[in-house]
Amino acid sequence: LAREPRPPLNVPVRAPVWTFDAGAPLWADLEAASGLVYAGGDDGVLHAIDARSGRERWRFATGGRLRARPTLAASSLYVQSDDGWLYRLDASRGTQRWRVRLLPDSVVRVPIDRPGSKYDFTSSAVTVSGGMLFVGTHEGRVLALDPVTGETVWEARTGGPVLAAPGVAGRRVFVGSYDGSVRALDAYDGRTLWTRDTGAPVTSTPVPDEGVVVVGSRSYDLFGLDAATGDVRW
């Protein structure tokens, strides 16, 4: 189809205050607080950048791609790496406090432009709630971890990769899976409370509010699910 000529935009152009070269693509979302911006690169390096100047304060190298948003809670930073480990770092200095293995092996992703790709270019960030860490894995597990030690409190399984952070409200943990389902899990023991099939992979974080869980699906639908039963409200 012929492209119609488009007139130039008559708007002011602003120069960035600063630009930081991470040395690798940045697929994951950023985290920011207390004057620092945290950015994870495809080379496995997590950068802490001064929000005012763009100067790097510290960096920490993992053994795999960083496709999950770093999660800041109090003075700790939690980030999942494609090397199969979850890291807890000191947010101000970048020193490792602990790491725990979430996967037996590194994550293998089929590039988006290759046959058989699942477009699984993200990983679950950590959700902190009720004195617990909740995180999904590429092999379809959801784990609740002790934030101090990293020990597993419970785990639950889905039928496909969990590529986005769980949503939490009260005693319920809501997770979307590549198997097309949204699940509500008991936050204290991981029991499945209900499951709702959306018809296509769910790769975004369910958002609970006012008794309704809002979540998107690759079925092209946006669902409002009853948080207590999983019934479709709209």
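This is a short chat about the sheet and the pockets of a predicted model.

Me: Starting with the sheet, what order do the four strands have?
Reply: The order is S1-S2-S3-S4, in an open sheet with antiparallel pairing.

Me: Which strands are at the edges?
Reply: Strand S1 (31-33) and strand S4 (56-61), each of which pairs on one side only.

Me: And the twist, what does that average from one strand to the next?
Reply: It averages 15°.

Me: How many bridges are there between S2 and S3?
Reply: Five bridges, joining residues 36-40 of strand S2 with residues 45-50 of strand S3 in the antiparallel sense.

Me: What stands opposite Gly40?
Reply: Leu46, in S3.

Me: Changing topic, how much space lies in the largest pocket?
Reply: About 220 Å³.

Me: How many residues line the largest pocket, and which lie nearest its centre?
Reply: There are 15 lining residues, and Asp29, Arg69, Thr122, Ser123 and Leu163 lie nearest the centre.

Me: How does that lining divide into nonpolar, polar and charged?
Reply: The lining of the largest pocket has eight nonpolar, four polar and three charged residues.

Me: What about the second largest pocket, how much space is in there?
Reply: About 170 Å³.

Me: Which residues line the second largest pocket?
Reply: From the earlier part of the numbering, Trp27, Asp42, Arg65 and Arg67. The lining also includes Arg109, Val110, Pro111, Ile112, Ser117, Tyr119, Asp120 and Phe121.

Me: How many of those are charged?
Reply: Five are charged, with six nonpolar and one polar making up the rest of the lining of the second largest pocket.

Technical notes
Residues numbered from 1 in each chain as written. Predicted model: local features only at pLDDT ≥ 70, side-chain atom pairs only at ≥ 80, totals over all residues. Heavy atoms only, no water. Pairing = 2+ DSSP bridges. Helix = DSSP H or I, 4+ residues; strand = E, 2+ residues; numbered from the N terminus. Axes fitted to C-alpha atoms, helices over the stretch in contact; angles between N-to-C directions. 1 Å grid on protein atoms, 1.4 Å probe; cavity = no way out; pocket = protein on both sides within 12 Å on 5 of 7 lines; lining within 4 Å. Points joined across faces, edges and corners; volume = space filled by probe spheres on them. Nonpolar A, V, L, I, M, F, W, Y, C, P; charged D, E, K, R; others polar.
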